[in-house]
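The following exercises are intended for a reader who meets this structure for the first time. Each task is followed by a solution that proceeds step by step.

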Amino acid sequence: MKQRTRIRWLVALLLVVPLLASQAWAVDQEKRAEVAKKKAEVLEQSIVTEGGDVSPDPSMTITKPGIQAVDPAGKAPLDNAITCMARSLYWETKGQNAATMEAVANVMMNRLSSDEFPDTICEVVKQGGEQGACQFSWWCDGRADEVKEEDSYLIVKEVTRKALNQQLEDRTDGALFFHQRSISPRWASAFLRTAEVGKLLFYKPQD
């Protein structure tokens with residue numbers, strides 16, 4: 001009888017320990033995600049007020065574990081800088097290389113530091129949506145915005161981290177606009193082409 005009781009307790013313990021470990025891991029991930037979001041907000045606003053040439057305080061830079069803890073499944077609401085930028089890079093550069101992802105991130109950061117565009121990443125991404133003429137086409141295409149390829153999402157989140165930490169070289173030479181090589185929008189002729197990266201062409205206003 002005692003032997004059976006011991007076995008039952010052992011089985012119960014073996015079931016409880018992994019559950020407790022899983023719960024502790026989930027709490028830790030949630031804390032990391034919240035810290036990363038708060039850092040992103042501070043970094044975002046420092047770019048708006050000080051421009052993109054001032055290096056952030058090292059204590060405020062977003063870590064790799066922190067960035068990956070935010071929206072791990074790619075299904076969270078687009079209500080913070082990390083999620084808005086990562087999801088936008090995912091859809092705007094789908095199937096393209098890291099250099100293209102970085103170039104689109106450059107455009108988003110250039111817009112953030114420009115007086116001509118909104119003061120948050122989410123507002124930059126969603127700009128024009130109320131008129132049905134989105135600056136970033138994926139936001140207005142009527143399709144689901146959830147991530148479908150986890151590996152690609154991990155990569156764009158790392159690009160997002162570097163962008164917000166101001167650790168990316170500007171591949172676009174200050175571009176504020178871009179389009180696919182396969183199209184020729186009328187507005188492009190009024191701007192200065194600054195770069196060609198992957199399948200995208202980049203522009204900024206004429207001096």
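The structure shown is a predicted model.

**Exercise 1. The disulfide**

Task: Determine how many disulfides the model has, and describe where the cysteines lie.

Solution.
Step 1. A disulfide requires two cysteine sulfur atoms within 2.5 Å. By this rule the count comes to one disulfide.
Step 2. The bond joins Cys84 to Cys122, with an S to S distance of 2.0 Å.
Step 3. The torsion about the S-S bond of Cys84 and Cys122 is about 95°, and the disulfide is therefore right-handed.
Step 4. Cys84 belongs to helix 3 (residues 81-92) and Cys122 to helix 5 (residues 121-126), so the pair ties together parts that are 38 residues apart in sequence.
Step 5. Buried means under 20% relative accessible area. Cys84, at 0% relative accessibility, is buried, and Cys122 is buried with a relative accessible area of 14%.

**Exercise 2. The sheet**

Task: Establish the order of the strands in the open sheet, and state which strands lie at its edges.

Solution.
Step 1. Strands of a sheet pair through backbone hydrogen bonds, either parallel or antiparallel.
Step 2. Strand 2 (residues 191-197) and strand 3 (residues 200-205) run antiparallel and are joined by six bridges. Within this pairing, Leu192 stands opposite Lys204 of strand 3, and Ala195 stands opposite Phe202 of strand 3.
Step 3. Strand 1 (residues 177-180) also pairs with strand 3 in the antiparallel sense, over four bridges. Here Phe202 of strand 3 is the bridge partner of Phe178.
Step 4. The three strands thus form an open sheet with the order 1-3-2 and antiparallel pairing. Strand 1 and strand 2 are the edge strands, since each pairs on one side only. On average, neighbouring strands of this sheet are turned by 30° against each other, direction ignored.
Step 5. Strand 2 and strand 3 form a hairpin with two residues between them. In the turn, Gly198 has a positive phi of about 60°.

**Exercise 3. The surroundings of strand 3**

Task: Decide whether strand 3 is largely enclosed or not, and name the helix that lies across the strands.

Solution.
Step 1. Of the six residues of strand 3, five are buried, so this strand is largely enclosed by the rest of the structure.
Step 2. Helix 4 lies across strand 1, strand 2 and strand 3. Helix 4 runs at about 20° to strand 3.

**Exercise 4. Helix packing**

Task: Describe how helix 6 packs with helix 4 and with helix 3.

Solution.
Step 1. Helix 4 (residues 98-112) packs with helix 6 (residues 150-164) at an angle of about 40°, and their axes are 10 Å apart. Helix 4 and helix 6 are therefore oblique to each other. The crossing of helix 4 and helix 6 is right-handed.
Step 2. Helix 4 contributes Met101, Glu102, Ala105 and Met109 to the contact, while helix 6 contributes Ile155, Val156, Val159, Ala163 and Leu164.
Step 3. Helix 3 packs with helix 6 at an angle of about 125°, and their axes are 9 Å apart. Helix 3 and helix 6 are therefore oblique to each other. Helix 3 passes helix 6 in a right-handed crossing.
Step 4. The residues in this contact include Ile82, Met85 and Leu89 of helix 3, and Ser152, Tyr153 and Val156 of helix 6.

**Exercise 5. The position of Arg32**

Task: Locate Arg32, classify its exposure and list its contacts beyond its neighbours within four places in sequence.

Solution.
Step 1. Arg32 is part of helix 1 (residues 2-50).
Step 2. With a relative accessibility of 37%, Arg32 counts as partly exposed.
Step 3. Leaving aside neighbours within four places in sequence, Arg32 is in contact with Pro65, Gly66 and Ala69.
Step 4. Arg32 and Ala69 are 37 residues apart in sequence, and their C-alpha atoms are 6.2 Å apart in space.

Terms used. Residues are numbered from 1 along each chain as its sequence is written. This is a predicted model: local features need pLDDT of at least 70, side-chain atom pairs count only at pLDDT 80 or more; totals for chains, interfaces and linings use all residues. Side-chain values use heavy atoms; hydrogens and water are left out. Buried means under 20% relative accessible area, exposed over 50%, partly exposed in between (1.4 Å probe, protein chains only). Two strands pair if DSSP finds at least two bridges between them. Axes are lines fitted to C-alpha atoms, for helices over the stretch in contact, and angles run from 0 to 180 degrees between N-to-C directions. Angles under 35 degrees count as roughly parallel, over 145 as roughly antiparallel, 65 to 115 as roughly perpendicular and the rest as oblique. A crossing is left-handed if the near helix is turned anticlockwise from the far one by less than a right angle, and right-handed if clockwise. Contact means heavy atoms within 4.5 Å.
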